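Work through the exercises below with the coordinates open. Each task is followed by a solution in steps.

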Amino acid sequence: MKKLIAEFTKGLIKENPTFILALGLCPTLAVSVSVSNGIGMGIAATFVLLGSSVIISFIKNFIPERIRIPCYIVVIATFVTIAELCMKAYSPALDRALGIYVPLIVVNCIVLGRAEAFACKNNVMASLFDGLGMGVGFTLALILISGIREFLGTGRLLGHTVINGFEPVFVFGMPSGALLVIGLLLGFFNFLKGRKA
Amino acid sequence: MINRLNVSVSPHIHNDQATSKIMWWVALSLIPAGVAGVYIFGSRAFWVITISIVTALLTEFLWNIVTKKKVTIFDGSAFLTGLLLAYNLPANVPFWLPPAGTVFSIIIGKQVFGGLGQNIFNPALVGRVFLMASWPSYMTTFTSPPKFLAWGLTKPMAYDAVTSATPLAALKEGKFIGHLSYLDLFLGNRGGCIGEVCIIALLLGAAILLIKGYISWHIPVTYIFTTGVFTYVFAGKQLFAGDWLLHILSGGLILGAFFMATDYVATPLTRKGQIIFGVGCGLLTGVIRVWGGYPEGVAYSILMMNAATPFIDRYTKSRVYGTS
């Protein structure tokens, strides 16, 4: 059990997919304009990670070595389709806001990376906790980035005005702002990591 | 570590040109333009400049303390960044805007790269572009000069300040700007940023730097020349009918060409590279002004060429003597 919890917690900070492994930066850059987008994207990606890690870990012994990537993609795409259809049915506004980035979870490097690096080598329980940890880590990173960007770029958090009279810094709502925030946070987390070591 | 690098065989010639000395000379040579700006736009311009410099120094100082590095506020670079950033602002910006710009300039533009000498972009321009992208309305609302009595060029106005478009912005919107003569533009009797309007004061400062040998003519001259040729060819109603003198005298071209495109850190090292740099800046400025969405493109073109500097340096490396 202790080992499983370790598999879960490593995704939060020590091997955080966004800040330490620097995976999945493309959706992170694109959807982190507002916190609600960030949370939606994080939950969708967590669901896909969880499902695909478990299934791939289940069938890892049947997958031929040479065509493993297409097999992973089929499994991942299945879960992405489920996530996308659910989002369309229950939260059409969020689906419109995230747009193309939901189907693009198929090629999200976190999902494929965990399948290739972890799920195909470990048992089902370990893969489940690894997928969950990575998904939660990704979601937390997205909330942090989109929180900073939404607050500075629009003066609001989750759509609510935080400080009256704050003049929003437009640049943080733009792609350049995403690159700035992610770059500075990456630097900060690596600084912390270096100090610990 | 890098500072201990000591490569060369004797004999050594001592040169007393320290970085800080050059920085202070550049700052000194910018004073005429600042005085002119304050005269043209009034005391508010003075406060914008002061706030900008003080906050730049303060940011540098605090960053030095927090990162436990040597305090570098006396090398003049933070002072110069604050000064140049203020020159790139309209005089009527709210007073919290210059600090926002200088903090961004000093930290993101310079210190995150490792301080002076490591920055890949001109810090003051980074600050200006940040402010442009963040608060465009403040950055593009210009007051027209409220008074300009000395030479009897214009009638005194009845208002404290009247907002007006810069000549380039008016040109972009297709408005007639015939009421401004070249002499007006040369003396600075127009709307614009604090430090860019008075061409004669800028040229005075530039002359000091050229005579002292702190800048070479290569970048500014090729930059201004290229912009002039480009606008002459493309900015008119037909080819070869553009008002090139207007384009040279308005906007931030003179300020940018002499004081920001000549930044030691982020520009090419060789003469050949500097000419490429100047021509590139001129072309980009012309393209942005004539075909782009913004009326002015000096800041963007210098930053873009700053980004290209490592490549220019790589391809214009001087040949080692005795090799082919």
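**Exercise 1. Chain A overall**

Among contacts in chain A between residues at least 6 apart in sequence, what percentage join residues at least 24 apart? Then describe the fold content and the dimensions of chain A.

Solution.
- Note the model type: this is a predicted model.
- Take the contacts. In chain A, 75% of those between residues at least 6 apart join residues at least 24 apart.
- List the elements. Chain A has 8 helices and 2 strands. Along the sequence they run α-α-α-α-α-α-α-β-β-α.
- Check the radius of gyration. A compact globule of 197 residues would have a value near 16 Å, and chain A has 17 Å, so the two agree.
- Add the box. Along the principal axes, the C-alpha atoms of chain A fill roughly 60 × 45 × 30 Å.
- Finish with burial. Of the 197 residues of chain A, 39% count as buried.

**Exercise 2. A helix pair in chain A**

At what angle do helices H3 and H4 of chain A pack, and which residues make the contact?

Solution.
- Locate the helices. H3(A) covers residues 35-59 and H4(A) covers residues 68-90.
- Read the geometry. The angle is about 145°, and the axes are 9 Å apart.
- Assign the hand. H3(A) passes H4(A) in a right-handed crossing.
- Collect the H3(A) side: A:Ala44, A:Phe47, A:Val48, A:Gly51, A:Ser52, A:Ile55 and A:Ile56.
- Collect the H4(A) side: A:Tyr72, A:Val75, A:Ile76, A:Phe79, A:Val80, A:Ala83 and A:Met87.
- Sort by class. The contact has 12 nonpolar residues, 2 polar and no charged.
- Recall the helix repeat. An α-helix has 3.6 residues a turn, so residues three or four places apart point the same way.

**Exercise 3. Chain B and its H1/H10 pair**

Summarise chain B, then say how H1(B) is oriented relative to H10(B).

Solution.
- Count the elements. Chain B has 15 helices and 2 strands.
- Take burial and contacts. Of its 324 residues, 47% count as buried. Among contacts in chain B between residues at least 6 apart, 71% join residues at least 24 apart.
- Find the pair. H1(B) spans residues 19-29 and H10(B) spans residues 199-212.
- Read the geometry. Their axes come within 8 Å and cross at roughly 150°. Angles over 145 degrees count as roughly antiparallel, so H1(B) is roughly antiparallel to H10(B).
- Name the partners. B:Trp25, B:Val26 and B:Ser29 meet B:Gly205, B:Ile208, B:Leu209 and B:Lys212.
- Sort them: 4 nonpolar, 2 polar and 1 charged.

**Exercise 4. Burial in chain B**

How many residues of H4(B) are buried, and what covers them? Contrast this with B:Thr50.

Solution.
- Count. In H4(B), residues 77-87, 11 of the 11 residues are buried, so the helix is largely enclosed by the rest of the structure. Among them are B:Phe79, B:Leu83 and B:Tyr87.
- Identify the cover. It includes H1, H2, H3, H5, H6 and H13 of chain B.
- Turn to B:Thr50, which sits in helix H3 of chain B.
- Apply the cut-off. Buried needs 20 or more neighbours. B:Thr50 has 13 C-beta neighbours inside 10 Å, so it counts as partly exposed.
- Add a distance. The C-alpha atoms of B:Thr50 and B:Asn92 are separated by 14 Å, and the residues lie 42 apart along the chain.

**Exercise 5. The chain A and chain B contact**

How many residues of each chain take part?

Solution.
- Count: 6 residues of chain A are in contact with 4 residues of chain B.
- Sort the chain A side: 4 nonpolar, 1 polar and 1 charged.

Conventions: Residues are numbered from 1 along each chain as its sequence is written. Chains are lettered from A and ligands numbered from 1 in the order in which they are written. This is a predicted model: local features need pLDDT of at least 70, side-chain atom pairs count only at pLDDT 80 or more; totals for chains, interfaces and linings use all residues. Axes are lines fitted to C-alpha atoms, for helices over the stretch in contact, and angles run from 0 to 180 degrees between N-to-C directions. Helices (H or I, at least four residues) and strands (E, at least two) are DSSP runs, numbered from the N terminus. Angles under 35 degrees count as roughly parallel, over 145 as roughly antiparallel, 65 to 115 as roughly perpendicular and the rest as oblique. Two residues are in contact if their C-beta atoms, placed from the backbone, lie within 7 Å. Ala, Val, Leu, Ile, Met, Phe, Trp, Tyr, Cys and Pro count as nonpolar, Asp, Glu, Lys and Arg as charged, and the others, Gly among them, as polar. A residue is buried if 20 or more other C-beta atoms lie within 10 Å of its own, exposed if 12 or fewer, and partly exposed in between; C-beta atoms are placed from the backbone. A crossing is left-handed if the near helix is turned anticlockwise from the far one by less than a right angle, and right-handed if clockwise. The radius of gyration is taken over C-alpha atoms; the globule rule is 2.2 Å times the number of residues to the power 0.38.
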